[in-house]
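Reader: I am new to this structure and would be grateful for a guided discussion. May I put some questions about it?

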Amino acid sequence: MDTRINVDNQVMVAFSRIYVEADTTMLKTKNIFHGDSTKTNGRIWSVLGNRKRGKTNGRIRTTNHDGALPMRARQFLQNDDVDTLPSVNSNEDSVDSFHNAISSILWWAQLFGLLPVTGISADTPSKLKFKKFSFRTFYTILVAFSIFIMATLSVIHMIRTLNAEAFGVRGGIAAATAGAIFYGNGFFGTMMFLWLSPRWVILQNEWRSMERFIDSNKSLRPRLRLKFLILSIIVLVFSLLEHILSIINNSLTYEWGTSNSTFKNFLHIYITTSHSFIFDIIEYNFAIGIYIFIVSKLATFVWNFTDLFVMLVSTGLAERYKALNKRLFVLTKKHTNTVDWCEFRCDYAILSSLMKKVDNDISPIILLSFANNLYFICLQLLNGLSGPTEGHIISGIYFFGSFALLITRTCAVTLLTARINDQSKTVLPLLYNCSSSTYNIETQRLQYQLTTDDVALTGLRFFSITRNFMLALAGAIITYEVVLLQFNVAIKT
């Protein structure tokens with residue numbers, strides 16, 4: 001009798017333990033996406049740990065009873081050496097990884113003092129290093145200090161000249177503020193890339209881990225090198241043409257083919273015309289002309305590369321989502337009953353977590369990019385709508401060409417960045433139309449994850465870049481233009 005009572009008690013204790021463990025797991029799963037983004041990422045990783053895969057009769061099955069991940073997943077989550085993970089693209093790692101695809105472009109950026117890290121051209125991001133005391137860091141600080149001097153002189157000019165009279169004269173606002181905004185953007189952009197440098201080393205190693213993890217699922221790696229090359233050539237070539245046109249527009253009085261056609265005279269005409277606001281404070285000489293010429297080119301590159309950098313990072317993330325979506329669509333079309341939904345849920349969660357880490361690191365650069373472009377769009381619109389002006393045909397060509405390039409580039413940054421949000425939702429219709437025979441708890445979890453997770457890059461969390469943001473940006477431009485025009489007309493009358 002006593003033996004039977006002891007057996008019953010042991011059975012009751014065992015059932016109570018199973019109930020408590022199951023209840024705890026359900027609570028963790030239910031609360032996975034509640035709270036702030038930092039806590040959410042931690043919950044994602046902890047819940048993803050409750051997975052174990054096995055094989056039965058050649059088909060993949062998913063179990064959640066013992067809280068174990070596959071070895072490759074544990075390696076990733078515990079930050080072990082992911083280079084030991086198998087990859088279907090192992091012979092193409094040096095070509096199609098994000099690090100190697102963007103390395104040549106970052107090498108050119110370093111010539112202008114941006115992102116001073118070593119190991120850019122290495123095969124793996126594990127060789128990336130940031131050194132506080134190195135030539136690259138010193139060169140970046142020197143570039144930033146040179147631009148800072150110009151920004152300071154521009155701000156002094158703006159304080160002196162920005163008054164009611166500037167609003168009543170066509171081009172008065174531009175003459176007062178354009179220099180300060182332009183060189184301020186160059187200085188803050190250089191400092192932000194310097195701030196990003198140590199974080200970029202960590203981020204690229206995590207990006208590499210994500211690539212090795214997802215590629216081990218036999219997912220084909222997106223072709224990034226060619227896309228990055230084409231995108232960089234388009235942006236930089238058109239920016240170079242626009243800048244050459246700007247130089248010609250600011251040196252129209254230069255006499256070619258005469259005795260005065262020397263570089264010294266050309267530099268004097270170009271600098272005193274394009275930077276006339278500086279010479280209200282200092283006097284011109286040849287050395288200052290050389291200095292301003294060099295610094296203006298550095299600041300121009302920073303402006304253009306900031307937009308290009310956001311495009312490249314966004315394209316790298318969006319293409320990863322696209323490749324994952326394509327693989328899921330192919331598998332569901334051919335082998336619906338053998339899809340490992342838990343594996344895909346893990347892949348999407350890892351990609352989403354990496355995207356949030358990218359946003360934490362580059363969101364200040366995104367904010368700077370959109371703020372600068374918004375200012376110059378409003379400024380050029382104001383100049384164009386304030387009334388006709390007589391001038392050289394080159395001035396008209398430069399105005400419309402520069403404005404068209406600015407609008408196009410801003411739209412390109414917005415649309416390419418918004419692709420991340422678009423691609424993260426692409427497979428939702430597939431999940432909604434999933435047949436009842438293949439719909440299970442993992443399908444439901446993936447659907448809930450993709451529906452509730454806010455996957456989008458932000459401008460320091462002030463705004464999220466989606467397709468709807470394009471309309472918000474257009475509305476803001478129109479609103480500011482109406483206010484500026486009304487203020488301009490009110491002062492004139």
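The questions and answers below concern a predicted model.

Reader: How many disulfides does a search of the whole structure find?

Author: A disulfide requires two cysteine sulfur atoms within 2.5 Å. Cys-346 does not meet this condition, since the nearest cysteine sulfur, that of Cys-342, is 6.9 Å away. Over the whole structure, the number of disulfides found is zero.

Reader: Is Cys-346 buried or exposed?

Author: The cut-off for a buried residue is a relative accessible area under 20%. Cys-434 has 17% and is buried. Cys-346 has a relative accessibility of 2%, so this residue also counts as buried.

Reader: Which residues of H6 are buried, and which helices are included in what covers them?

Author: Helix H6 runs over residues 135-161 and reaches 39 Å from its first C-alpha to its last, close to the 39 Å expected. Its buried residues are Thr-137, Thr-140, Val-143, Ala-144, Ser-146, Ile-147, Met-150, Ala-151, Leu-153, Ser-154 and His-157. An α-helix has 3.6 residues a turn, so residues three or four places apart point the same way. The cover over the buried residues of H6 includes H8 and H11.

Reader: What distance separates the end C-alpha atoms of helix H9?

Author: Helix H9 covers residues 225-249, which makes 25 residues. At 1.5 Å a residue, H9 should therefore span 36 Å. The model agrees with this expectation, because the end C-alpha atoms of H9 are apart by 36 Å.

Reader: Which helices do the buried residues of H9 pack against?

Author: The buried residues of H9 include Phe-228, Leu-231, Val-235, Glu-242, His-243 and Asn-249. The buried residues of H9 pack against helices H5 (98-111), H10 (263-274), H11 (286-334) and H13 (393-424).

Reader: Which parts of the chain does the salt bridge between Glu-206 and Lys-357 link?

Author: The closest N and O atoms of Glu-206 and Lys-357 are 3.7 Å apart, and a salt bridge requires such atoms within 4 Å. Glu-206 is partly exposed at 25% relative accessible area, and Lys-357 is partly exposed at 30%. The pair is 151 residues apart and links distant parts of the chain, namely helix H8 (residues 172-215) and helix H12 (residues 341-385).

Reader: Are the two partners Lys-356 and Asp-453 buried or exposed?

Author: The side chains of Lys-356 and Asp-453 meet in a salt bridge at 2.8 Å, N to O. Lys-356 lies in helix H12 and Asp-453 in the loop between helix H15 (441-452) and helix H16 (467-492), so the bridge ties together parts 97 residues apart in sequence. With 11% relative accessibility for Lys-356 and 7% relative accessible area for Asp-453, each partner is buried.

Reader: How many residues apart in sequence are the parts that Asp-422 and Arg-467 tie together?

Author: The side chains of Asp-422 and Arg-467 meet in a salt bridge at 2.7 Å, N to O. Asp-422 lies in helix H13 and Arg-467 in helix H16, so the parts tied together are apart in sequence by 45 residues.

Reader: How many salt bridges does a search of the whole structure find?

Author: Besides the pairs discussed above, Arg-345, Glu-442 and Arg-445 are linked in a network of salt bridges. The search of the whole structure gives a total of nine.

Reader: What is the helix content of residues 397-420?

Author: UniProt, in an unreviewed entry, lists residues 397-420 as a "transmembrane region", and residues 137-159 are another of the listed spans. Residues 137-159 are 100% helix, with end C-alpha atoms 32 Å apart. Residues 397-420 have end C-alpha atoms 35 Å apart, 0% strand and a helix content of 100%.

Reader: Which helix gives the most to the largest nonpolar core?

Author: This core has 103 residues, and those touching the most other members are Tyr-183, Trp-200, Phe-305, Phe-309, Tyr-348 and Val-358. Among the residues that Trp-200 touches are Phe-98, Ile-102, Phe-309 and Val-313. With 20 residues, the helix that gives the most to the core is H12.

Reader: What is the relative accessible area of Ser-197?

Author: Ser-197 lies in helix H8. Beyond residues up to four places away in sequence, Ser-197 touches Leu-115, Pro-116, Val-117 and Phe-130. Ser-197 is buried, with a relative accessible area of 0%.

Key:
Residues are numbered from 1 along each chain as its sequence is written. This is a predicted model: local features need pLDDT of at least 70, side-chain atom pairs count only at pLDDT 80 or more; totals for chains, interfaces and linings use all residues. Side-chain values use heavy atoms; hydrogens and water are left out. Buried means under 20% relative accessible area, exposed over 50%, partly exposed in between (1.4 Å probe, protein chains only). Helices (H or I, at least four residues) and strands (E, at least two) are DSSP runs, numbered from the N terminus. The expected span of a helix is 1.5 Å times one less than its number of residues. Contact means heavy atoms within 4.5 Å. UniProt positions are given in the numbering used here, feature names are shortened, and annotations may be inferred rather than shown by experiment. A nonpolar core is a set of buried Ala, Val, Leu, Ile, Met, Phe, Trp, Tyr and Cys residues joined through side-chain atoms within 4.5 Å.
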